[in-house]
Amino acid sequence: MATLNSNIPSGPLAEKWEHHKFYTKLINPANKRKYKIIVVGAGLAGASASATLAELGYEVHNFVFHDSPRRAHSVAAQGGINAAKNYQNDGDSVHRLFYDTIKGGDFRAREANVHRLAEVSVNIIDQCAAQGVPFAREYGGVLDNLSFGGAQVSRTFYARGQTGQQLLLGAYSALNRNIANGGVKSYTHAEMLDLVVVDGHAKGIIVRNLQTGEITRHNGDAVVLATGGYGNVYNLSTYARGANVTAGWRAYKRGACFGNPCYTQIHPTCIPVSGDYQSKLTLMSESLRNDGRVWVPKRKEDCGKKPADIAEGDRDYYLERMYSAFGNLAPRDIASRAAKTVCDEGRGVGETGLGVYLDFSAAIQRLGESKVRERYGNLFAMYQEITNENAYQTPMRIYPAVHYTMGGLWVDYNLMSNVPGLFVLGEANFSDHGANRLGASALMQGLSDGYFVLPATISGYLAGQNPGKRPTTDTGSFKEAEENVQTLTKRMLGNKGKRTPNSFHKELGKLMWEHCGMARNEASLQKGIKAIGALREEYWNNVSVLGESNDWNQSLERAGRIADFIELGELMCRDALMREESCGGHFREEYQYTPDDPETKQGLVNPGDVKRRDDQFAFVAGWEYAGAADKAPILNKEPLVYEEVKMSTRSYK
Amino acid sequence: MKVTLKVWRQKNRNSSGSFKTYESPELNGNMSFLEMLDVVNEQLATRGEEPIAFDHDCREGICGTCSLVIDGKPHGPHKGIATCQTYMRSFKDGDEIVVEPFRAKAFPLIKDLVCDRKSFDRIQHAGGFITVRTGAAPDANSIPVPKPDADLAMDAAQCIGCGACVAACKNASAMLFVAAKISHLGLMPQGQPERYKRAKAMVDQMDEEGFGACTVTGSCEAVCPKEISLDFIARMNRDYGVALLRGDPKTIKGGGAG
Ligand SMILES: Cc1cc2nc3c(=O)[nH]c(=O)nc-3n(C[C@H](O)[C@H](O)[C@H](O)COP(=O)(O)OP(=O)(O)OC[C@H]3O[C@@H](n4cnc5c(N)ncnc54)[C@H](O)[C@@H]3O)c2cc1C
Ligand code: SF4
Ligand code: FES
C-alpha cells in the first residue's frame, strides 16, 4: 500500500503557507545550478514553473508534445481568471475566495491547499500585468472585473474572451526569456512516454521525438508533470483534440497514485452534438449566463415548435424556478444536471432532443442589441459559424459537455506525488477543486502552482538529493523504461488488427458518457467496467496502426494515448462505483435528496440535489496500480480534515 | 453532399510530393472541414492506406495549429477564421477542393500537410518578452494603462501564431506576425524599457530565419484569422527605425507609447 501523507503544515490556516515557506529548506544560490529539473508540459502550469525555476537558478529541461509551448490547451480558456484583489470593493477577500472554492468543490478539497490558492491569487494578477498581459481595463486605466461562474462578487480578470491565450502568452514569454538566456532547454514535438524511477525516486523520463520517432532518455533530480487534464477519455469534450492522459497514466503505472479519477466537470453551456462525425464540442463561455435565460418548454408537445411560437407562460425557466438565489448563474454541476433532468423528461429541444435554450431576448430588450453585441459579439459569431443560426434572433441551443477533470495524480501540500521527486501541477493533479471546480479557477490554480507554489516547495525535496549522484541514463531503470516504450511501439505497429484507433476512442467515449457521465449508478457502473475491460482486450487484438515508428506518425501517437484512455476509463468507473455518495460533479442516483429529507423541507436543497455522506466519504481516493491492467487497483485514502470550515449542505437556493 | 479532394501527399522532408485525388464519402454541411478530413482518413485507414497527416488541436480557432491552404487560400474561403472553423456548408456538392500545406522556406515540410513553424518560436526567443522576474511585480493597478492603448495592444495580441500570413505572402514574409508581437508589448507601458531593443532583435531574427521582405501587398491581412491590421507593420518599422538610429541597444531608454 502507498502512504498518502498530505504533509499539511501545522498552525492556523491563514498562516500555514507563510510558515511553511519559512521552514522549507532552501538551496544556496551557488548550488542551484547543479540541480537539473525536468518539466513536462508548457501550459499555464508548466510554462510558469519552468520559467520561475530557471530564474531561481535551476537547470530546467522542458518537454511538450506540441510544436510550440504556446499551443498548450490553456490557450482555449475564454472566460477569465479569479483573484481576491477586491478591486471592486464589493466585499471580496482571500477568505471569501477560499470559502467559495471550498463550498464550490462540495467540501471535497483540502482546506490548506485552497487557502493557499486564494492567498497567492493576488500575486498572479500582478505578475501577469507586469508581463504585459493585455487585461481588460476601465477608462481610468485600472483593471476591469466580471462576476463569473456563480460568484456573488466581481473577482474575475479577463482579456476579451481570450484570457487563456493571453495568460499563456505571458507565461510563454517568461519561458522564452529563459530559453534565450540558457536557463531552460526546450524540447518540442517531444512526447513523454514513460517515467523512470530509480530506488523509489522519480529521476527521469523517456521521450519520443514526434518528427523523427527517435526515443531518448533524460535524467533529472526531480520530474515535474504539468500535462493537463484527461477529459478526452470521453472522446467528445471541449478539450483540444491532442489533450491526453499518457504522461500521468504512465506515472501511475510506475507507482504514483491517481486521486479521485471520477471527478469530472460537465460544463452546462456547450453547443450540442450534431452528428456522428463530431470531433469536438465547443464551449460557449459561461459569461453568457450573466445575461441569457435558460429555458425549455413546459410541455413535451411544444418541443418541436419554433421557440418564438412558444408563449411566455408555456416556458419553464427551470434554473430560476429551482435556484431562486443564483438562478441562471447556478454552479456548473447543478446547471448541467438540471439540463439533463429536463431533457430526460422529454422536454429537450433541437433535432436530438438533447438541448435547452439560452435566450437573450430579455437582455436585448433591456440593454439593446448593440450592448449585447459589444459584450458577446464574438461568441454569437462563433455560434453562428458552427450552427448557422443567429442568436440575436432566436435563442441559442446548448447542452452540457465534458470540460474539466478535477481528479488527477495525487499530490501532497508540496505538490509532490507519493513517488518522491515526482511533482504534479495544474489540471494534471487532483488538488484544489474538490468535486467541482468553479469558473475561472483553473487558470488561477495552474499559475499559482507554477509561479509560486512549486518554486517554493521543490527545494524541500532537492535539499535531500545529491546532484553529483544523479543517476545517469545508462543505468538499469532507464534501460528498462526505454525498452518498455520500444516494446509498446512495436506491439502497436505489429498488430494485425482491423479497426482504427479512432473507432475505439469513439466507442470508449460512448461507454463513458453512458456509464460514468452526468448521472451514475451501481448497476450501470458495473456494466461499464465490464464493457471497458472487454474493449481493452479487443483493442490489443484488433487495433490496426499504420505507418512507421521512425517517422511523423499521428496514428501511432493516437494509438498509445487511446490505449491509456481505455485503462483510465475503467479506473474512473471503479472510483465512481466505490464512492457511494453524491458530491459536486459526481452524481450517484442512489444518493440524492428526497422531498422527505429535512434539508429539503427547510428549503436548503431541491429534491434530486446531490447528497454527500461525510461520515463515510470525506476522503480523497488515491488509487494505486496493482501491476497489471486487468488486476483490480488498490484503494488508499487520505482523510479530509476540516479545521476552519464546517462541512455543510451546499445550498444555492 | 460529396466532394473530390486533391491533397498534397509527401512522405517526409527528404522525399518529393505530389497531389493525390480522393473521393469523399457522403458528407453533411454541418461538418467542419477537419471533420471531413477525419472521415476521409477513417475511410483510408480502413482500406489500409496511410491517413493524410494534417495539423490541428483546439478546433476552435485559438491555438494556431491548423494550417491548410484550401483552394489556394490559407485557412480557406472565409475571412477572419481559421481552417478548423470552416464548415462544409461553404462548399457545394461535387466541388473539387485542392488542399496543400503552408509553403515557405522557413516552414520546412514534415509530412503531407504538416509543416514545422519553430522559426516563429525562435523569433520570440530573440526578444518577445518583458523582463520581469516572478515575484518582482508591483500591484497590478499601480501601472494604469489607458483603455485605448490596452485595447489596441489586445488587437495585436490576438495573433495565434498560425503562420497563414507567411503562407499567403509571395515573399513568404513574416512581417504581420512579428509586427503583432512587437506591437502588443510595445503598446503597453510595461513594454517601454525594452521597446526598441526588442523590435530590433526580433526583426533581425526574422531575417535570419529566411523569411522574405515585405512589399506591402496586404495578402497577409486578408487571410489572417484574427484580422491583424497592416498598421502594426508600420508601427514595427518605426520602432525598428528608431532602434537603428539609436544604435547600441544597451544604451536604449524607454520611449512613449505611440
Ligand atoms: C474550452 C475551455 C475553456 C476554459 N476556460 C477556462 C476559463 O475561462 N477559466 C479557467 O480558469 N479555466 C478554464 N478552462 C480550464 C483551463 O483552461 C485548464 O484547466 C488549464 O488551462 C490547464 O492548464 P495546464 O497547464 O494544467 O495544462 P495544459 O494547458 O493542458 O498543458 C498541458 C501541457 O502538457 C504537455 N503534455 C501533455 N502530455 C504530454 C506528454 N506526454 N509529453 C510531453 N508533453 C505533454 C502539452 O504539450 C502541454 O504543453 C477552460 C478549459 C477549456 C477546455
Ligand atoms: S498575424 Fe494572423 S496570420 Fe499571421 S500568425 Fe498571427 S494570426 Fe496567423
Ligand atoms: S485547430 Fe486550433 S486554431 Fe485551428
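# Exercises on a predicted two-chain model

The side chains of Asp333(A) and Arg650(A) come together in a salt bridge, with 2.9 Å from N to O. The model is a predicted one. The exercises start from this pair.

**Exercise 1.** Find where Asp333(A) and Arg650(A) lie, and say what the pair ties together.

*Solution.*
Step 1. Locate the acid: Asp333(A) sits in helix 9 (residues 332-347) of chain A.
Step 2. Locate the base: Arg650(A) is in the segment after strand 19 of chain A.
Step 3. Put the two together. The partners are 317 residues apart in sequence, so the pair ties together distant stretches of the numbering.
Step 4. Check the surroundings. Asp333(A) is buried, and Arg650(A) is buried too.
Step 5. Widen the view. A network of salt bridges links Asp106(A), Arg108(A), Asp333(A), Arg337(A), Arg579(A), Glu581(A), Arg612(A), Asp614(A) and Arg650(A).

**Exercise 2.** Compare two further salt bridges of chain A: Asp67(A) with Arg71(A), and Glu638(A) with Arg110(A). Are their residues buried or exposed?

*Solution.*
Step 1. Take Asp67(A) and Arg71(A). Their closest N and O atoms are 2.9 Å apart.
Step 2. Apply the cut-off: buried means under 20% relative accessible area. Asp67(A) has 7%, so Asp67(A) is buried. Arg71(A) has 3%, so Arg71(A) is buried.
Step 3. Turn to Glu638(A) and Arg110(A). Here the closest N and O atoms are 2.7 Å apart.
Step 4. Place this pair. Glu638(A) belongs to strand 19 (residues 634-639) of chain A, and Arg110(A) to the loop between helix 4 (94-104) and helix 5 (111-131) of chain A. The two are 528 residues apart, so the salt bridge links distant parts of the chain.
Step 5. Finish the check: Glu638(A) and Arg110(A) are both buried.
Step 6. Set these pairs in the full count. Over all chains there are 70 salt bridges.

**Exercise 3.** Describe the setting of Glu482(A) and name its contacts.

*Solution.*
Step 1. Glu482(A) lies in helix 13 (residues 476-494) of chain A.
Step 2. Its relative accessibility is 16%, so Glu482(A) counts as buried.
Step 3. Set aside neighbours within four places in sequence. Glu482(A) then contacts Ile206(A), Ile215(A) and Arg217(A).
Step 4. Look at the side chains. Glu482(A) and Arg217(A) are joined by a polar contact of 2.6 Å. Side chains of opposite charge can pair when their charged atoms come close.
Step 5. Compare sequence with space. Glu482(A) and Ile205(A) are 277 residues apart along the chain, yet their C-alpha atoms are separated by 8.9 Å.

**Exercise 4.** Characterise the interface between chain B and chain A.

*Solution.*
Step 1. Count the residues: 76 of chain B are in contact with 76 of chain A.
Step 2. Take the area. The chains bury about 6,100 Å² between them, 50% of it on carbon and sulfur atoms.
Step 3. Count the links. There are five salt bridges and 45 residue pairs in polar contact.
Step 4. Sort the chain B side that touches chain A: 32 nonpolar, 20 polar and 24 charged residues.
Step 5. Pick one salt bridge. Glu60(B) pairs with Lys280(A), the closest N and O atoms being 2.8 Å apart.
Step 6. Follow Glu60(B) to another residue. Among the residues touched by Gln78(A) are Glu60(B), Gly161(A) and Met382(A). Gln78(A) lies in the loop between strand 2 (59-63) and strand 3 (81-82) of chain A. At 9% relative accessibility, Gln78(A) is buried.

**Exercise 5.** Which residues come closest to ligand 1 and to ligand 2?

*Solution.*
Step 1. Ligand 1 has 36 residues around it. His66(A), Ser74(A), Met192(A), Glu427(A) and Leu443(A) come nearest.
Step 2. Add the backbone partners. An oxygen atom of ligand 1 is 2.9 Å from a polar backbone atom of Ala42(A). For Ser441(A) the distance from a ligand oxygen to such an atom is 3.2 Å. For Leu443(A) it is 2.8 Å.
Step 3. Ligand 2 is surrounded by 13 residues. The closest are Cys159(B), Cys162(B), Gly163(B), Cys165(B) and Cys224(B).
Step 4. Sort the shell around ligand 2: eleven nonpolar, two polar and no charged residues.
Step 5. Name the helices. Helix 4 (164-168) and helix 5 of chain B each give this shell at least two residues.

Terms used
Residues are numbered from 1 along each chain as its sequence is written. Chains are lettered from A and ligands numbered from 1 in the order in which they are written. This is a predicted model: local features need pLDDT of at least 70, side-chain atom pairs count only at pLDDT 80 or more; totals for chains, interfaces and linings use all residues. Side-chain values use heavy atoms; hydrogens and water are left out. Contact means heavy atoms within 4.5 Å. Buried area is the accessible area (1.4 Å probe) that two parts lose on being put together, summed over both. A salt bridge is a side-chain nitrogen of Lys or Arg within 4 Å of a carboxyl oxygen of Asp or Glu. A polar contact is a pair of N or O atoms within 3.5 Å; within protein, one must be able to donate a hydrogen and the other to accept it, and residues adjacent in sequence count only if both atoms are side-chain atoms. Ala, Val, Leu, Ile, Met, Phe, Trp, Tyr, Cys and Pro count as nonpolar, Asp, Glu, Lys and Arg as charged, and the others, Gly among them, as polar. A residue is near a molecule or strand if one of its heavy atoms lies within 4 Å of it. Helices (H or I, at least four residues) and strands (E, at least two) are DSSP runs, numbered from the N terminus. Buried means under 20% relative accessible area, exposed over 50%, partly exposed in between (1.4 Å probe, protein chains only).
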